[in-house]
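User: I should like to learn how to read the features of a protein model, step by step. May we go through one together?

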Amino acid sequence: MNDEAALKEQIILALKGVYDPEIPVDVYELGLIYDIKIFPVNNVYILMTLTSPSCPSAGSIPGEIEEKVRSVPGVNDVSVELTFDPPYSTELMSEVAKLELGFM
């Protein structure tokens with residue numbers, strides 16, 4: 001595994017430590033993370049969404065994601081961008097999340 005793949009795995013593990021307070025499933029399994037890019041010097045870009053634009057946690061989740069990813073050894077800088085395009089749907093959930101929430 002190259003360094004970038006290993007770092008991405010660590011970033012995903014960090015993301016799995018962030019939960020939507022209303023749902024007992026982490027943001028990664030929920031499908032809220034649309035993209036993770038690692039640029040030179042280990043600058044990390046995360047494109048994410050929320051379950052809805054009016055999500056009460058809209059203010060805290062991106063900051064928590066930034067904090068968790070920044071704590072991964074080797075990460076230099078973190079940029080989290082919030083988008084609602086495409087809008088979130090339960091289709092984005094992993095099978096783990098669907099099972100946990102009774103969608104399967």
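User: Where is Asn-42 found?

Analyst: The model before us is a predicted one. A first step is to place a residue among the helices and strands. Asn-42 is found in the loop between β1 and β2. Val-41 has its place in that loop between β1 and β2 as well.

User: What is the phi of Asn-42, and what is the phi of Val-41?

Analyst: For backbone angles, one reads the sign and then the residue type. Asn-42 has a positive phi of about 55°, although it is not a glycine. Val-41, which is not a glycine either, has a positive phi of about 65°. The strands β1 and β2 form a hairpin with three residues between them, and Val-41 is in the turn.

User: Are Val-41 and Asn-42 exposed or partly exposed?

Analyst: Here one compares the relative accessibility with a cut-off: over 50% is exposed, under 20% is buried, and values in between are partly exposed. Val-41 has a relative accessibility of 64%, so it counts as exposed. Asn-42 is partly exposed because its relative accessible area is 29%.

User: How many strands does the sheet have, and what is their order?

Analyst: One reads a sheet by its strand order and then by the pairing of its strands. This open sheet has three strands in the order β1-β2-β3, and its pairing is mixed. The strands β1 (33-39) and β3 stand at the edges; each has a single partner strand, so one side of each is left without a neighbour in the sheet. From one strand to the next, the twist averages 15°.

User: Which strands run antiparallel, and which pair in the parallel sense?

Analyst: Each pair of strands is examined in turn. β1 and β2 (residues 43-48) run antiparallel and are joined by six bridges. Within this pair, Asp-35 stands opposite Leu-47, while Ile-33 has Met-48 as its bridge partner in β2. β2 and β3 pair in the parallel sense over six bridges, and there Val-44 stands opposite Val-78 in β3. The chain crosses from β2 through α3 to β3, forming a right-handed β-α-β crossover.

User: How are side chains arranged along a strand?

Analyst: In a regular strand, the side chains alternate between the two faces of the sheet.

User: Which strands does helix α1 lie across, and which does helix α3 touch?

Analyst: For a helix on a sheet, one reads the strands involved and then the angle. Helix α1 (residues 3-15) lies across β1 and β2, running at about 140° to β1. Helix α3 (residues 61-70) packs on the sheet and touches β1, β2 and β3. The direction of α3 makes about 155° with that of β3.

User: Which residues of the largest nonpolar core touch the most other members?

Analyst: To read a core, one looks for its best-connected members and for the elements that supply it. The largest nonpolar core has 28 residues, of which Ile-11, Ile-46, Ile-65 and Val-69 touch the most other members. At least two residues of this core come from each of α1, α2 (27-30), β1, β2 and α3. The largest share, five residues, is supplied by α1.

User: Is Val-69 buried or exposed, and what does Val-69 touch?

Analyst: The relative accessibility of Val-69 is 0%, so this residue counts as buried. Val-69 is found in helix α3. Leaving aside residues up to four places away in sequence, Val-69 touches Ile-11, Ala-14, Leu-15, Val-44, Ile-46, Val-75 and Val-78. By the same kind of reading, the contacts of Ile-11 include Ile-36, Ile-38 and Val-72.

User: Where is the place of Leu-92, and which residues does Leu-92 touch?

Analyst: A loop residue may be read in the same steps. Leu-92 has its place in the loop between β3 (77-82) and α4 (95-100). Its relative accessibility is 36%, so Leu-92 counts as partly exposed. Not counting residues up to four places away in sequence, Leu-92 touches Leu-30, Gly-31, Tyr-34 and Pro-87.

User: Which peptide bond is cis?

Analyst: For a peptide bond, one reads omega. The bond from Asp-85 to Pro-86 is cis, with omega near 5°. Pro-86 lies in the loop between β3 and α4.

Definitions and conventions
Residues numbered from 1 in each chain as written. Predicted model: local features only at pLDDT ≥ 70, side-chain atom pairs only at ≥ 80, totals over all residues. Heavy atoms only, no water. Helix = DSSP H or I, 4+ residues; strand = E, 2+ residues; numbered from the N terminus. Buried < 20%, exposed > 50% of the residue type's maximum accessible area, 1.4 Å probe, protein only. Contact = heavy atoms within 4.5 Å. Pairing = 2+ DSSP bridges. Axes fitted to C-alpha atoms, helices over the stretch in contact; angles between N-to-C directions. Right-handed = clockwise from strand over helix to strand, strands pointing away. Core = buried A, V, L, I, M, F, W, Y, C linked by side-chain atoms within 4.5 Å.
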